[in-house]
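Trainee: Could you take me through the largest pocket, please, and what lies around it? I would like a close look at that part alone.

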Amino acid sequence: TFEENSLIKAKAVMEATGMPALADDSGIAVDALNGEPGIYSARYGFDESLDDRGRMMLLLKNTEYVPDGQRQAKFVCVITLVTPDGKVIQARGEMHGELSREPKGENGFGYDPIFYYPPAQCTAAQLPPEIKNAVSHRANALKVFYEKLKEAGYADK
């Protein structure tokens, strides 16, 4: 899971340094593909010759027969803090949308050009950076993470 991967990363750094460590894991999950590519988003297709565009085009190919109205997808980000004294703080953020039929937009990276965000009526790659940074899965995870830091006494209330 995104939670497990984020925890594994944070623990590895904390154990290597003896210091608190922060890590994340993120990706895109498509409902019609039972959550794929999910944790394998960066390796989708398991073909090392594929770059971001190649993985994006593979996802479009694998969903070409999924009808409109059934193309729901979400970006997911999980942030984990692990401390040497055993504390773990974890937060999940999501950005809900649907897959478009073709790439649109020049901003962002990865699957952004095919991730249609209904509230803005455009893809994530068409969002101005200040809006994307306010509504993205990472932004949402950071908001939750900050609240959990405050609850744990690590941030001003």
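Mentor: Happy to; here is the pocket, followed by the nonpolar packing.

This is a predicted model, where local features need pLDDT of at least 70 and side-chain atom pairs pLDDT 80 or more, while totals for chains, interfaces and linings use all residues. Numbering starts from 1 along each chain as its sequence is written, and side-chain values use heavy atoms, without hydrogens and water.

The largest pocket holds about 350 Å³ of space. A pocket here is an open set of points on a 1 Å grid over the protein atoms alone, where a 1.4 Å probe fits, with protein on both sides within 12 Å along at least five of seven lines; lining residues have an atom within 4 Å of a point. Its volume is the space filled by probe spheres set on the points. Of the 19 lining residues, S26, G27, S41, F109 and Y111 are the closest to the centre. Two or more lining residues come from each of β1 (21–30), α2 (52–62) and α4 (137–151), with β1 giving the largest share, 4 residues. Helices (H or I, at least four residues) and strands (E, at least two) are DSSP runs.

Y111 also belongs to the largest nonpolar core, of 18 residues, where I28, L59, F75, L99, Y111, I114 and F115 touch the most other members. Such a core is a set of buried (under 20% relative accessible area, 1.4 Å probe, protein chains only) Ala, Val, Leu, Ile, Met, Phe, Trp, Tyr and Cys residues joined through side-chain atoms within 4.5 Å. The largest share of this core, 3 residues, is supplied by α2.

Conventions: Buried means under 20% relative accessible area, exposed over 50%, partly exposed in between (1.4 Å probe, protein chains only).
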